[in-house]
Structure formats: structure tokens, C-alpha cells
Amino acid sequence: MTYLTVPFFTFVFAVLPVWLPLLVVDVSVFLVMLFKERFDPRTFIFWVAIVVIIPFGGTLMYLIWGCTLFIRADGNRKAESDAPIMAAESPPEVPEEDARLEQILRGAGADVYTSGNGAELLWSMREGYQRFTEDVLSATESVCIETAGVAPGMAAEGMPELLAQVASKGVDVRFLTSVEGFGRTRGLWLMKSSGVRHATLHRRVHSMFSVSTKNRNMRTIVIVDGRVAYTGMSTFVRVEGPAVTRLATRFEADWHHATGEEPRAPVRQEPCEGGCGVQMVSSGPDSPTSPMLHGYSAIISEARERLYITFPYLVPTDEMYNAIKQAVIAGTDVRVLIPAKSRRWYQAWNSLAASNPLMEAGAHVYFAARSMVKCVVVADGRVCTVGSAVYNSRMWADYAENAVVYSEEVARQAEEAFESELEGAAECLPEEYMRRSIADRLRIGVARMLMFFNRRSTIPL
């Protein structure tokens, strides 16, 4: 009994001198979480426990990592300013095989469906950067880039020098990031001195000093001369046609929010013969209905033969579990690919724990030996989505962009690349998971708790 009573009374006597202000602070925080936040019950209980166990410090932790009030308020303001910019005409007649998914996405708040697009899948980061370099060097009028920042790998590849070179030729280069300073946007001084115009999606102070795990701009958008565009994360889709206009419009809305400049009218691209359908889907605080959350569920639910999924880590929602279980029950070959190594150790361990219900349902879960940062879902060799939105309950908090490509050719390319990745991956089986050691069980328990403070591992362009 001593082992329980001594810590308890030590805690009581420690907070006794400040019990009244502590009570006022804790009750105020509880009321905010109960009536203002949109926490699910598990998250609510987690933060209540943190606030109670760590006097005053728990409240500070909640304000830094848990509070969503400011994020949602800023997102609502941005959504209002985006509305007139993103307004578009009704989409053309949608092919019957694409109509249901298009309707679900559009009804959930996604952008309009565009037809007559040229789309190319660039599975590897190096392949994507090579094509990106070729297009940027050929620019004659403008280059618009939106990304989280300049990662060390891209700085080593010479991205700052590339943009500086293009800007010095008189090309209008606009560069929109999420963070700034302290080595997070490498080569910024060089780019600015060469004429690159830079802005951050959030206020400058927030972009330099914020330690929040949410509300980051993870959108990767590149538009060259209004004729070709890219989006994705480590794996990219390169598009030409009307989809470029829509992606350019999204950039203009984000640039307007960041700088206050009046948005420009993007160059209108005409459909090309034999092109495919493409639908852009934005996620984040400025998309309160979370259209990509519905999109992922719809793609998974409608898969009949094959379903390939890869994300940087797994924090599945109940909807994802249920959709995958239903797909497996219906006889769909479901394969999930997750990296065995992540930027933070607890991401991989949490992915292992989260994959167990999927394995028990009959899905094949593979762990890649190398680090991967891809958000790709392919269904039946007919439709695929590539972007930066990780399928979890916090999709609303980070700004992300996905392209849903209605193309058998692109989907086939994605399936072939996915299957080649499986050759170097190891399948995890339910019986192996059940034989894990006590130390592994402890790591998994700690990892699941730390995912509340997760910073997503990303490789921005």
C-alpha cells in the first residue's frame, strides 16, 4: 500500500499551496475541451489525464499540441476568402464509371472534375525531381511552387540554385512555404537575392517559431507557365490540361491568403483528345468537410479486385478499418505497404500495432526496408490518388493536396511500381505479431501514446 499512498500524498502536498488557481485553470480547460473542441472520446480522456497529472504544465502542453480552436478559426477565415477564388463552373458530363466517386468527392467539398488531361505518374523522388527540373528550366513566364519547405535532400540536389537561376532570367518565381528560418527553408537568402518572391502560408512569427504538430502546409504544388503542374509527396503526378488550371487556382487562393495580393486569373487550359479525368482534392482547416477522408473511404469501398495502399505511417480511423474489412470480406485483394523505418522511431512501432486489425481481417500488410513517404491508393487498376493527405482522424489539421486520377494507364503504372516495392518488403503475419516480446509490447504502448504529439515525416519538394 505504501507504494501507492506515498506518491499520491506527495502529489497532493505539492499542489495544495496552489490548489485554487490550479482548480480554476483546470476547470476552464475542461470546459473548453468539452464544449468548444471536437475531440473524439479517446483524445478527450487523454488530454484530461495530461492536464490533471501535470499541474499547469499539462495545460501548456494542451495549448501547444492539443488545442484546435485557433486552427479552426484561421481555417474558417481562409475558407471564406477562398470561396470566390475557387468557384468554378459545373464539370462536364462525367463518364459513368467515374460518376459515383466524383459525386462523393464533389459533395464532400472537393474541386470540380476535369476531363481531357494528360497525366504521368512519377513514382520515385529522383524521377520526379528530374522532370521538375526540366520543366522549370524551360519556363518563360512564371513558376509557382507551394511546399512545406526545402528539405536537406532537395537543397543538396540544387533546388535553391535552380529557382535562383530561373528568377535571374526574368521569370516570375513565387515560392510559398509552411516554415521559415533555422535551416528549415534552405537557400532562402540566395533565392530572394535572385528575385524569387517568398511567402509563408501562416504569419511570419508562427512560421519561424511554431512547435505545433498541426496546421502545417503539406501541400506540394508546382505550376510552370500555367501549362504543366505537379502534386504529390515523394510520388508525384504530372498533369497537363484543365487540371492545371484548377491546381493553379488553388495556389492563387493560398498565395492570396499568405500575402493579401489579388489573385491572378490562371491560364485556361483546353482539354486534349484522349485525356483522362482528374479531380483535385484539398484537405486542411480550409476544407472543414474533409473531402479526402470521404474520398479514401469511397475508393476503398468501391474496390472489387485489387486495392493497393501505401502511407508514411498508419493511424487508421474506424472508417478505414471498416472499409478495408468490408473490402476483404467481399474478396478484394488488399495490400498495405508501410515503411519499417520512419523519421521518428515511434511512428514505425505505432504502424505495427495499427496494422494488426487489418491483418486479422485478411489484408496483406508489408513493411518496406527503406524509408518511404508516399500517400498512394490504387483501386482495380482504374483509379488512383496521389498526394500528401495521410488517412487518419487528423486530416483536417494539416493543409494537404491530392490528385484523384481516373485513368487505367496511370493506375497500371502505380500498381506496377507498388508491386516492385513489395519485392523488397517483408509481409507481417498475425501469428508473428502475437509472438512479439514484452519489450516490443512496451515500445508499442509508448509509441501509441506519442502519436498524439506526432510530427509527420515528410520529404517536401
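These are my notes on the salt bridges in a predicted model.

**Entry 1, whole structure.** I searched the whole structure for salt bridges and found 29. I then looked up three pairs and one network.

**Entry 2, E401 and R219.** I looked up E401 and found a salt bridge to R219, with 3.9 Å between the closest N and O atoms. This pair links distant parts of the chain, 182 residues apart. I located E401 in strand β14, residues 400–406, and R219 in the loop between α11 (204–209) and β5 (221–224). E401 has a relative accessibility of 1% and so counts as buried. R219 also counts as buried, because its relative accessibility is 0%.

**Entry 3, the network.** I traced a network of salt bridges that includes E401 and R219. It links them with K78, D82, R250, D254 and D286.

**Entry 4, R335 and D333.** I found R335 in a salt bridge with D333, the closest N and O atoms lying 3.1 Å apart. R335 is partly exposed at a relative accessible area of 23%, and D333 is partly exposed at 22%.

**Entry 5, R370 and E421.** I found a salt bridge between the side chains of R370 and E421, at 2.5 Å from N to O. R370 sits in the loop between β11 (364–368) and β12 (375–379), while E421 belongs to helix α16 (residues 408–422), so the pair ties together parts 51 residues apart in sequence. I also checked accessibility on each side of this bridge. R370 is partly exposed, with a relative accessible area of 42%. E421 is buried, with a relative accessible area of 12%, because the cut-off for buried is under 20%.

Terms used
Residues numbered from 1 in each chain as written. Predicted model: local features only at pLDDT ≥ 70, side-chain atom pairs only at ≥ 80, totals over all residues. Heavy atoms only, no water. Helix = DSSP H or I, 4+ residues; strand = E, 2+ residues; numbered from the N terminus. Buried < 20%, exposed > 50% of the residue type's maximum accessible area, 1.4 Å probe, protein only.
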